[in-house]
Amino acid sequence: MNLAGEPSSDIPVLIAGGGPAGLTLAITLGQLGVSCEVVDARPAPARVPGADRCGARAMEIFRRLGISGRLRDAGLPSDAPLDVLICAGSLAAPLVRHRYPQVAEVLAAALEVNDGTMPLEPPLILSQYTLEPLLREVAEATPGVTVRFGAELIDFALVGGGVTAMVHTSSRLRTFRADYLVGCDGADSTVRTMLGIDLRGQPRQPVRQALIHCPDLYERLPGGRAIQYHVVGENPCTLIVQDDTQHFTLHAPDAGRPGGSRPSGPSGPSGPPMSALFEAVAGQHARNGYKILCEGEWAQDLLLAERYSGAEVRRGGERVFLAGDAAHPTGTAGGLGLSVAVADAADLAWKLAGTLRGWGGPALLRSYEAERRPVAAQAITASLAAAEAERRWRAEWRPDILDDTPTGARSRLRLIQAAAAERWYAELSRIERDYRYTGSPVIALPAGMSPAPAVTTWPGARLPHLWLDDGTPLHDLLGTGFTLLRLPGATGNGTAGYTRELAGAFGALGARLDVLDVTSTAAQAVYAGHRLLLVRPDLHVAWRSGDSQPEASALAALVTGNGPGAGQGSHETWPTSAA
């Protein structure tokens, strides 16, 4: 690529893509004091159908950024039903109602239950077309962050220990010199393509989709208010309520593309027009007035990049990374792909910051792929299982299903029984929060021990949320560096001495370590058996004393990526200890 003679910029991190992953990464980097620039080929965030839900883990990350309240103000009201209905032919004929707790109910339960099983932040119904402009506003207001829409990354190369990138704007070509480039540029990622990284997984049949404005429908829904309506029958489809309850997305299979094949001619999607389908599903309530704002396709492919970084990572020169849909293009219901993307950004941001500040060793950035890629693979596996469950109960539809006859009753029973096994939304919270980083080179994994149940301080797991005795959530007291939690029973010269040694070891590396004494009675139960917990900036547990107590300098080196063998691909295990 010819970069001579063009205006240039120097920036620590260049981010290609201004969607949820790219903007979350930019905000996090900015708050960590790392300057970055976001470029996106679109003129602005588009008002098109996308994810419609921020999961609990994503909301906890947004809380860490100080924006969860702002997002909740823009989302679905907390007392709105989150039920899922299966209807026959139209919304007026509900067959099955899967009941799920409202956000207000989850919030109330979280105040009463303090055993580590509840999230600090419940999920939020928030349309992606609402989320992206809000994230853009926050990013643009964050010191050190620049956001440019209408600027397309068209080329890059590794030059002189960094990345030189060419960006095309409406008026000129600009050259950026960056320490790191992160491709958050979606399923058709330019960065991934230029790195030559292949996708593996299962292509699936795309669906047609439309964004519809129908302001009166929500209050008049004949089957009762819910968040999602699956319609079975001759024209199967799904209607999803958006955050303001005046907009809806309608998804319908493309009848002309069995098996996910792409059309060879110009005919495009087939099936009844989306307007006719919406009128058939909503009945007279649609005829009171609606407008289709946009139509398009939703690619439901469940794919995973073979790797999350350029080939240089294998030689210790990590400079280009993938995050979000660029790394795992996943068309999943329930916003699972968005939640994984936001957590990608949270993981990568603090590792980039640590490396740029000099305390992050060679294993720190390498751990990004080791930690995040298995999580995306788990999400894809869960999505495939959910899709198969939906296929099974949809296959039970029969034309007589609404007949008041014995055969009609049997048809209804078969579908109801098949649908009872499909509890996708009930599983989402577990999928989003209960993963662990079991193959990470920067986590002290105890040797010869199996992971505990979901609520755990097992190294690699997210620190369980607890309310302290004064009503403060423990998560809110943890800063942007590492935190050593001293738990009830952490007394005596041995613990105090080890704390001093560990603080000194982190200080010698230039890494921040805060020490927090936790005296909560709830902590005695949830964190039983451990006097010390080392928690990372992303709230994942890096080490706990009940498993091992290595030399302080060795532990600090390990979790910051400076441990022995940091340039190789193995992860570290420690002999167990009764400490």
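Which element supplies the largest share of the lining of the second largest cavity? The answer is H10, which contributes 4 residues to that lining, and the paragraphs below work towards this place by way of the other enclosed spaces in what is a predicted model.

Across the whole structure, a search finds 4 cavities of 30 Å³ or more, and the largest cavity holds about 80 Å³ of space. Its lining is made up of Arg-57, Leu-336, Ser-339, Val-340, Ala-343, Arg-372, Val-375, Gln-378, Ala-379, Ile-431, Glu-432 and Tyr-435. Helix H9 (336-357), helix H10 (362-394) and helix H12 (424-433) are the elements that each give two or more residues to this lining. Sorted by character, the lining of the largest cavity comprises 7 nonpolar, 2 polar and 3 charged residues.

The second largest cavity, with a volume of about 50 Å³, is lined by 10 residues, of which Thr-330, Gly-337, Val-340, Ala-376 and Ala-379 are the closest to its centre. Val-340 and Ala-379 are also listed in the lining of the largest cavity, and H9 and H10 each supply at least two residues of the lining of the second largest cavity. The residues around this second space divide into 5 nonpolar and 5 polar, with no charged residue among them, whereas the lining of the largest cavity includes 3 charged residues.

Turning from the cavities to the strands, one finds S11 (residues 199-202) and S17 paired in the antiparallel sense over 4 bridges, with Gly-201 standing opposite Leu-303 of S17. Along strand S17, which covers residues 302-305, Leu-302 and Leu-304 point one way while Leu-303 and Ala-305 point the other way, and all of these residues are buried.

A last site to inspect is Gly-30, which lies in helix H1 (residues 20-31). Is Gly-30 buried or exposed? Gly-30 counts as buried because its relative accessible area is 12%, and buried here means under 20%. Once its neighbours within four places in sequence are left aside, Gly-30 is in contact with Thr-142, Pro-143 and Val-145. To the same part of the chain belongs a further pair to examine: Gly-30 and Ala-141 are 111 residues apart in sequence, while their C-alpha atoms are 9.7 Å apart in space.

Definitions and conventions
Residues are numbered from 1 along each chain as its sequence is written. This is a predicted model: local features need pLDDT of at least 70, side-chain atom pairs count only at pLDDT 80 or more; totals for chains, interfaces and linings use all residues. Side-chain values use heavy atoms; hydrogens and water are left out. Buried means under 20% relative accessible area, exposed over 50%, partly exposed in between (1.4 Å probe, protein chains only). Contact means heavy atoms within 4.5 Å. On a 1 Å grid over the protein atoms alone, a cavity is a set of points where a 1.4 Å probe fits but cannot get out, and a pocket is an open set with protein on both sides within 12 Å along at least five of seven lines; lining residues have an atom within 4 Å of a point. Grid points are joined across faces, edges and corners, and a volume is the space filled by probe spheres set on the points. Ala, Val, Leu, Ile, Met, Phe, Trp, Tyr, Cys and Pro count as nonpolar, Asp, Glu, Lys and Arg as charged, and the others, Gly among them, as polar. Two strands pair if DSSP finds at least two bridges between them.
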